Amino acid sequence: MPGESKNFSLKVEVPRKANKGTYNFKVLAKELAELPLSITVSEQDTYQTEFTTKQPNMQGNSKTNFQFNASLRNRTAEQQVYALTADAPRGWNVVFKISGRQVSSALVEPGATETVSIEMTPPATVSTGTYKIPVKAATLQTAAEIELEAVIIGSYQLELTTLRGLLSRDITAGETKRLDLLVKNEGSGELKDIQLSAGRLADWEVSFEPATIERLNAGESTEVKAIVKASKKALPGDYVVKMEAKNPEANASAEFRMTVKTSALWGWLGLLIIVLVLGGLFWLFRKYGRR
């Protein structure tokens, strides 16, 4: 009607094969008026996907949780749902996360970019070396792949125990005992120059044969003698001797309970004193008992 106005919307679909450039249009109202429009196509529909990361290489040991951040860009003209997969070696665990949530796929709008976190955990028994792991984002129409690299330099772990697993021994004050220890390399990397030492107890002496282990390969163990000499003044009871094996990469400790017992000599001396006392009493009764 005269003096009235109406709103309307115009939907323009751009052909997938449209070249880059500016396209001019006119909206006509029955030759009464016209509205000039222009649409600029800034990028052609390549139906491509970009999957990139700024840090494709990381280094750690068998206990490291490798975390990579990747950018997934949808360069197509349609919304895409990408399936996320990784071709990891057996035993490796790979988890994809978007905004902190674990996912197996990513929905990306046309022209948009999604940040994908990729977490990789190696098996505990993994060997040292370089592992290349392809990661793929794919739909039925398009796909992209990146290759991530995890370098395992080895884990370092020591264990200190005895051949039988017993951590207690009896000892007499002033006596020397030899303990059979076992030092194990429980990690996946070689250990060198492992030093053995013991905590101090007043007037006690502890030494080792050998005092240094020059080399211990992954998974190997070696025997060590600990020579413990109790103090001559040690009273009967339990004493804790802390022993340690360590180098710059790893360390292990164990506490040994040494139970000090009274010397048998003192027992015989006590028995002799009792016999002498009883003998003396018997002699006194024999000599003076009838008076």
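## Thr 259

In this predicted model, Thr 259 lies in strand 21, which covers residues 251-261. Thr 259 counts as buried because its relative accessibility is 17%, and the cut-off for buried is under 20%.

Leaving aside residues up to four places away in sequence, Thr 259 has contacts with Arg 169, Asp 170 and Ile 171. Gly 237 and Asp 238 are also touched by Thr 259.

## The five-strand sheet

Five strands form an open sheet in the order 3-5-10-7-8, and their pairing is antiparallel. Strand 3 (49-53) and strand 8 (101-103) are at the edges; each has a single partner strand, so one side of each has no neighbour in the sheet. On average, neighbouring strands here are turned by 35° against each other, with direction ignored.

Within this order, strand 10 stands beside strand 7. Strand 7 (residues 93-98) and strand 10 (residues 113-121) run antiparallel and are joined by five bridges. Asn 93 has Thr 121 of strand 10 opposite it.

## The four-strand sheet

Another open sheet has four strands in the order 13-15-19-17, again with antiparallel pairing. Its edges are strand 13 (158-162) and strand 17 (205-209), each of which pairs on one side only. The average turn between neighbouring strands of this sheet is 30°, direction ignored.

Edge strand 17 is linked by five bridges to strand 19 (residues 221-229), and the two run antiparallel. Opposite Ser 207 stands Ile 227, a residue of strand 19.

Notes
Residues numbered from 1 in each chain as written. Predicted model: local features only at pLDDT ≥ 70, side-chain atom pairs only at ≥ 80, totals over all residues. Heavy atoms only, no water. Buried < 20%, exposed > 50% of the residue type's maximum accessible area, 1.4 Å probe, protein only. Contact = heavy atoms within 4.5 Å. Pairing = 2+ DSSP bridges. Axes fitted to C-alpha atoms, helices over the stretch in contact; angles between N-to-C directions.
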